[in-house]
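Biologist: Please take one part of this model and go through it closely. Keep it brisk, and follow the contacts outward from there.

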Amino acid sequence: MTVSSVVDVVVIGAGAAGLMCAATAAYQGHRVRVIDHANKAGKKILMSGGGRCNFTNLNTTPEHFVSANPHFCKSALKRYTPWHFLELVERHGVEHVEKAPGQLFCADSAKALLAVLLTECEWAGAEIQLDTGIRRVVRTDSGFELTTTRETVRCQALVVACGGLSIPTMGASGFGYQLAEQFGLSVLPTRAGLVPFTLPPEHKAWLSQLSGISTDVVAEAGKARFAEPMLITHRGLSGPAMLQVSSFWAPGTAVTVDWLPQLEDPLQALIQERNAHPNRGLERWLRQYFSQRLSAALVEQFGWQGHLQQFSNDRLGGVAAVLKGWQFKPSGTEGYRTAEVTLGGVNTDGLSSRNFEVKTVPGLHFIGEVLDVTGQLGGFNFQWAWASGWCTGMAL
């Protein structure tokens with residue numbers, strides 16, 4: 001196969017980071033081509049946030065990211081902030097809403113946000129080539145040569161922005177990790193992050209009957225603590241609280257759930273309730289905080305039947321301990337199939353935090369989710385995509 005194309009920059013991956021980098025680099029005057037094996041650009045943008053895309057978080061700080069090198073993300077996040085991206089979105093007239101403090105979503109559809117990125121690429125002159133697989137990448141005297149399913153392309157700079165392993169139905173693969181290892185970088189162990197938990201039989205038996213119920217909790221795992229809603233599903237536990245702690249949970253360890261974060265001392269409240277209404281059952285008290293179905297299930301599961309006058313202070317203490325610190329050991333997670341992100345990835349020690357270039361391979365850059373930088377839930381991962389993409393695009 002003869003060389004049929006020569007460009008300045010090839011970006012592998014037409015996702016959030018790749019498109020941001022391509023437009024930015026093209027505006028610098030570079031000839032840029034984005035290559036992706038998918039039939040559509042930005043598939044994960046379109047499906048994220050329930051189709052409305054939580055595209056940034058105004059409260060982004062380096063503390064919202066998980067990485068073996070927590071300092072690596074600081075430079076890019078400081079140089080390209082949520083306010084920079086918001087200015088771009090507003091310049092294109094995309095209406096947005098703030099659902100939770102700092103969390104910005106498209107008011108209507110994520111299609112509007114993807115249109116911003118594609119329009120920017122078009123205006124800047126970046127070419128996007130879809131339905132194109134990459135068979136081989138080699139380094140040359142002047143840069144890199146890529147053998148694709150269409151042709152051979154040569155470039156001076158190569159940007160790898162092909163994401164992680166999460167949601168394989170969207171086309172996710174480990175290609176970025178393979179490239180990293182090919183060029184001598186280490187890849188830290190990967191696992192699914194921001195992902196629902198599956199449950200062992202003893203917990204699944206009673207909780208699966210409550211599928212669809214959501215309740216506000218505080219969840220803890222691996223020294224991380226999140227006050228968010230928890231959703232009970234027919235497979236296990238999900239919702240923001242569980243997704244958040246899944247990124248800090250280690251297999252074989254327990255997750256702790258405070259079912260009553262609004263009550264600092266439920267024991268005193270229970271004693272007062274018993275004194276005031278000794279002939280009432282505990283379920284009636286629980287209904288102040290939970291749905292009827294969940295209240296009944298808690299009473300049944302933990303053996304809290306009977307009138308309150310039958311409960312000693314010690315027994316009420318046991319009730320309070322469960323409500324404030326119920327522990328369960330997940331049997332696992334739902335894995336990459338439903339995970340929003342991939343934890344681990346390309347070791348950032350081998351890269352410059354300023355321009356994301358591989359220290360030992362000039363002209364080779366890795367950005368976005370393929371790196372060992374993973375945001376918490378709430379728009380942080382998209383902000384990382386914009387920041388890493390922009391910083392690299394400006395540096396090319």
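Modeller: Two strands count as paired if DSSP finds at least two bridges between them. Strands (E, at least two residues) and helices (H or I, at least four residues) are DSSP runs, numbered from the N terminus. The model is predicted, so local features need pLDDT of at least 70 and side-chain atom pairs pLDDT 80 or more, while totals for chains, interfaces and linings use all residues. Numbering runs from 1 along each chain as its sequence is written, and side-chain values use heavy atoms, without hydrogens or water.

Start with the open sheet. Its 5 strands run in the order β8-β3-β2-β12-β22, with parallel pairing. β8 (127-129) and β22 (364-366) are the edge strands, each pairing on one side only. From one strand to the next, the twist averages 20°. In general, strands of a sheet pair through backbone hydrogen bonds, parallel or antiparallel.

Now zoom in on β12. This strand covers residues 157-160 and is joined to β22 by 3 bridges, the two running parallel. V160 of β12 has F366 in β22 opposite. Helix α6 (residues 175-182) packs on the sheet and touches β2 (9-12), β12 and β22. Its direction makes about 140° with that of β22. Such angles run from 0 to 180 degrees between N-to-C directions, and the axes are lines fitted to C-alpha atoms, for helices over the stretch in contact.

A161 sits in the loop between β12 and α6. A161 counts as buried because its relative accessibility is 9%; buried means under 20% relative accessible area, exposed over 50% and partly exposed in between, with a 1.4 Å probe and protein chains only. Contact means heavy atoms within 4.5 Å. Beyond its neighbours within four places in sequence, A161 contacts V11, I12, G13, A17, G18 and I367. I45 is 116 residues from A161 in sequence, with 14 Å from C-alpha to C-alpha.

Next, helix α12. It has 13 residues (313-325), which should span 18 Å at 1.5 Å a residue, and the end C-alpha atoms are indeed 18 Å apart. The expected span is 1.5 Å times one less than the number of residues. L316, V319, A320, V322 and L323 are the buried residues of α12. They lie on the same side of α12 because they cover an arc of only 160° around the axis. That arc is taken from the directions from the helix axis to the C-beta atoms. The cover over these residues includes β18 (255-258), α9 (266-276), α10 (282-286), α11 (292-302) and β19 (326-328).

Last, the rings. Phe, Tyr and Trp rings (for Trp, the six-membered one) pair if their centres lie within 6.5 Å; planes under 30 degrees apart are stacked, over 60 edge-to-face, the rest tilted. The structure holds 20 aromatic pairs. One of them is F65 with W384, tilted, at 6.3 Å centre to centre and 55° between planes. It links distant parts of the chain: F65 in β5 (residues 65-66) and W384 in α13 (residues 380-395) are 319 residues apart. F65 is buried at 9% relative accessibility, and W384 is buried at 1%. W206 and F302 form an edge-to-face pair, because their planes stand at 75°, with ring centres 5.7 Å apart. W206 lies in α7 (residues 201-207) and F302 in α11, so this pair ties together parts 96 residues apart in sequence. W206 is buried at 8%, whereas F302 is partly exposed at 25%. Both belong to a cluster linked by ring pairs, with F197, W249, W259, F290, W304, W326 and F328.
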